[in-house]
Amino acid sequence: MIKAIAHICISTRDLDKTETFYCSCLGLVKKFDFIKDGNVAGFYLRINDVNFIEVFQTEGPSSDQESPIKHFCLEVDDIDKTIEAVRKCGVEIANKKMGCDNSWQAWLTDPNGIKIELHQYTDNSCQVTGGDCEINF
């Protein structure tokens, strides 16, 4: 079932400042960019070979009550079996879909309203290949 936390996703109003902090200050390495309409809309930061921080640009001011953490992601060894096990617990979970990063994903929400993404990498996942990821959301 669960293998590891694959990534956390944070939002920022300043991609450059965030990249500088995580890369220059904390020593992480940018793995790939998310491209939207020809522009960088976010990026993936490598913690190690299998753990990442995902960063997306947000527009406008955020409220003090809005968390910059959008969701967290758990890497799974078999997404189909994991979805089946979650459903047997009576928990609602979306069907798996291929994400724009070429990884399988399925979404659910914990009892506190926190979004959780389940992730199964493929040989073509951007997290494996390092290629940029074209987004459409």
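**Loops, cores and cut-offs**

Tutor: Let's start at Asn102, which sits in the loop between strand E6 (97-98) and strand E7 (104-109). Keep in mind that this is a predicted model.

Student: Okay, why is Asn102 called partly exposed?

Tutor: Its relative accessible area is 33%. Partly exposed covers what falls between the 20% limit for buried and the 50% limit for exposed, so Asn102 at 33% gets the middle label.

Student: What makes the backbone of Asn102 worth a look?

Tutor: Asn102 has a positive phi, about 65°, although it is not a glycine. Asp37 is another non-glycine residue with a positive phi, about 50° in its case. You'll find Asp37 in the loop between E2 and E3.

Student: And why does Asp37 count as exposed?

Tutor: Exposed needs over 50% relative accessible area. Asp37 has 69% relative accessibility, so it counts as exposed.

Student: Let's move to a strand. How do you know whether Glu75 is buried or exposed?

Tutor: First, its place: Glu75 is in strand E5 (residues 69-76). Buried means under 20%, and Glu75 comes out at 7% relative accessibility, so it is buried.

Student: Which residues does Glu75 touch?

Tutor: Setting aside neighbours within four places in sequence, Glu75 is in contact with Met1, Ile2, Lys3, Ala4, Ala6, Val50, His119 and Tyr121. To qualify, a pair needs heavy atoms within 4.5 Å.

Student: There's another glutamate, Glu84. What is its label, and why?

Tutor: Glu84 lies in helix H2 (residues 79-88). Its relative accessibility is 44%, so Glu84 counts as partly exposed. Exposed would take over 50%.

Student: How far is Glu84 from Cys126?

Tutor: They are 26 Å apart in space, C-alpha to C-alpha, and 42 residues apart in sequence.

Student: Now Thr18. Why is that one called buried?

Tutor: Thr18 belongs to helix H1 (residues 15-25). With a relative accessibility of 12% against a limit of 20%, Thr18 counts as buried. Beyond its neighbours within four places in sequence, its contacts are Ile10, Thr12, Phe43 and Val55. Met98, on the other hand, is 28 Å from Thr18 between C-alpha atoms, with 80 residues separating the two in sequence.

Student: Ile8 is nonpolar. Why is it put in the partly exposed class?

Tutor: Ile8 is in strand E1, and its relative accessibility is 30%. Buried stops at 20%, so Ile8 at 30% is partly exposed. Outside the residues up to four places away, Ile8 touches Phe52, Ile53, Glu54, His71 and Phe72.

Student: So what makes a set of residues a nonpolar core, and which residues have the most contacts inside the largest one?

Tutor: Core members must be buried nonpolar residues joined through side-chain atoms within 4.5 Å. In soluble globular proteins, nonpolar side chains tend to be buried together. The largest core here has 13 residues, and Phe32, Phe34, Tyr44, Phe56, Cys133 and Ile135 have the most contacts inside it. Strand E1 (2-12), strand E2 (29-36), strand E3 (39-46) and strand E4 (52-57) each give two or more residues to this core.

Student: What does Cys133 touch?

Tutor: Leaving out residues up to four places away, Cys133 touches Phe32, Asp33, Phe34, Ile35, Cys100, Asp101 and Cys126. There is also a second, separate core of ten residues, including Ile83, Ile93, Ile116 and Leu118.

Student: Zooming out, in what order do the elements run?

Tutor: From the N terminus, they go β-α-β-β-β-β-α-β-β-β-α-β. That is three helices and nine strands.

Student: How do you know how compact the protein is?

Tutor: Set its radius of gyration, 15 Å, against the globule rule, which gives 14 Å for 137 residues. The two are close, so the protein is as compact as a globular protein of that length.

Student: And how much of it is buried?

Tutor: Buried residues make up 39% of the 137. As for the surface, the accessible area is about 8,100 Å², with 50% of it belonging to carbon and sulfur atoms.

Student: Last one: how far apart are the mean positions of the positive and negative charges?

Tutor: They are 3 Å apart, for 14 positive and 22 negative charges.

Terms used. Residues are numbered from 1 along each chain as its sequence is written. This is a predicted model: local features need pLDDT of at least 70, side-chain atom pairs count only at pLDDT 80 or more; totals for chains, interfaces and linings use all residues. Side-chain values use heavy atoms; hydrogens and water are left out. Buried means under 20% relative accessible area, exposed over 50%, partly exposed in between (1.4 Å probe, protein chains only). Helices (H or I, at least four residues) and strands (E, at least two) are DSSP runs, numbered from the N terminus. The radius of gyration is taken over C-alpha atoms; the globule rule is 2.2 Å times the number of residues to the power 0.38. Accessible areas come from the Shrake-Rupley method with a 1.4 Å probe; for residues, only the protein chains shown count as cover. Lys and Arg count as positive and Asp and Glu as negative; His and the chain ends are not counted. The place of a charge is taken as NZ of Lys, CZ of Arg, CG of Asp or CD of Glu.
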